[in-house]
Amino acid sequence: MIQPLAYIHPQAKIADNVVIEPFVTIHKDVEIGEGTWIGSNSVIMDGARIGKNCRIFPGAVVSAPPQDLKYKGEQSTVSIGDNTTIRECVTLNRGTALDKNTTTIGSNCLLMAYVHVAHDCVIGDNVIIANSVQLAGHINIYDYAFVGGSSAVHQFVEIGAHSMISGGSLVRKDVPPFTKAGREPLSYVGINSVGLRRRGFSAATIAEIQEIYRILFLKKYNVSKALDIIEAEFTPSVERDEIINFLQNSQRGIMKGFGNT
């Protein structure tokens, strides 16, 4: 259903059963999947690739040019997976040729009102980003992560899967998977045990994750020493290896340990 007061470029690719409310603007190079709803006063700009059964609320701007002085007008995209909700006044900037050439939002995500996602970010599946979170460019957020409201995330930061960041945080360093992060400066405050239980992790797996992070964050070892101990003392597992790979590949360094200053 397309309201007559909406403007849709005749070359935009709109699938069946898409609902487009009044005063929506949809540009030429746009693709929208089946069953998606576009709320009034949203603007869907060139390069938008929107999946099936998404909900885009009033005032959202999808695939605007990046706020990056190095951007020279090259073609690039914003890709949104299926069943993702984009709430009021969210802004999603497309990628740049100097990096990924796309900004990616996964499936089954919720981006609450006033979130900004800058160029070349990659957001995994089942991610929740609460109100007014501001993401700078080149950020990776992995599956099932939660970022609390009014947080600001520095460019190139990595936020691990199943992690949880407290509202109002300034995220300058990488946040490893399965952890909770809070305080200022951002620090380890435990593992996300409630979230892990809800997603079916066993008690034994949760206990192992907790022991790994006790070595990393509570024993006062540097990261290299902690990695040596973790690799030596813990049997290989999906979770152990995910933590090790995250730590080994961190470019900005990880957040502080509990009680460190």
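1. How many bridges join strand 24 to strand 26? There are two, and these strands run parallel. Look for Ile 165, which stands opposite Ala 181 in strand 26. Keep in mind as you go that this is a predicted model.

2. Now zoom out to the sheet. It is an open sheet of ten strands, and the pairing is mixed. Reading across, the order is 3-6-9-12-15-18-21-24-26-27. Strand 3 (19–20) and strand 27 (187–191) stand at the edges with a single partner strand each, so one side of each has no neighbour in the sheet.

3. Back to strand 24 (residues 164–165), this time looking towards strand 21 (residues 146–147). These strands also pair over two bridges, in the parallel sense. Here the bridge partner of Val 147 is Ile 165, the residue that also stands opposite Ala 181 in strand 26. If you want one residue to help you find your way around this part of the sheet, try Ile 165.

4. At the edge, the direction changes. Strand 26 and strand 27 pair in the antiparallel sense, over three bridges. One pair to pick out is Thr 179, whose bridge partner in strand 27 is Ile 191. The two strands form a hairpin with four residues between them. Have a look at Arg 183 in this hairpin, because its backbone is worth checking: what sign does its phi take? Arg 183 takes a positive phi, near 65 degrees.5. What packs on the sheet, touching strand 26 (179–182) and strand 27? That is helix 2 (residues 203–218), and its direction makes about 160 degrees with that of strand 27.

6. Helix 2 also packs with helix 3 (residues 223–233). Their axes come within 9 Å and cross at roughly 155 degrees. An angle over 145 degrees counts as roughly antiparallel, and that makes helix 2 roughly antiparallel to helix 3. The crossing of these helices is right-handed. On the helix 2 side you will find Ile 212, Ile 215 and Leu 216, and they meet Val 223, Ala 226, Ile 229, Ile 230 and Glu 233 in helix 3. Sorted by class, the residues of this contact are seven nonpolar, no polar and one charged.

7. Next comes helix 4 (residues 238–249). Helix 2 and helix 4 pack at an angle of about 30 degrees, and their axes are 10 Å apart. Angles under 35 degrees count as roughly parallel, so helix 2 is roughly parallel to helix 4. Helix 2 passes helix 4 in a right-handed crossing.

8. Which residues of helix 2 meet helix 4? They are Thr 205, Ile 209, Ile 212, Tyr 213 and Leu 216, and across from them in helix 4 are Glu 239, Arg 240, Ile 243 and Leu 247. This contact has six nonpolar, one polar and two charged residues. Notice that Ile 212 and Leu 216 turn up here and in the contact with helix 3 as well.

9. Finally, go to Val 117, which lies in strand 16 (residues 116–117). Is Val 117 buried or exposed? Its relative accessibility is 0%, so Val 117 counts as buried. Leaving aside neighbours within four places in sequence, Val 117 is in contact with Thr 91, Leu 92, Asn 93, Thr 103, Ile 105, Leu 111, Ile 123 and Leu 135. As for Asp 16, 101 residues apart from Val 117 along the chain, the C-alpha atoms of the two are separated by 28 Å.

Notes. Residues numbered from 1 in each chain as written. Predicted model: local features only at pLDDT ≥ 70, side-chain atom pairs only at ≥ 80, totals over all residues. Heavy atoms only, no water. Pairing = 2+ DSSP bridges. Contact = heavy atoms within 4.5 Å. Axes fitted to C-alpha atoms, helices over the stretch in contact; angles between N-to-C directions. Parallel < 35°, antiparallel > 145°, perpendicular 65-115°, else oblique. Left-handed = near helix turned anticlockwise from the far one by under 90°. Nonpolar A, V, L, I, M, F, W, Y, C, P; charged D, E, K, R; others polar. Buried < 20%, exposed > 50% of the residue type's maximum accessible area, 1.4 Å probe, protein only.
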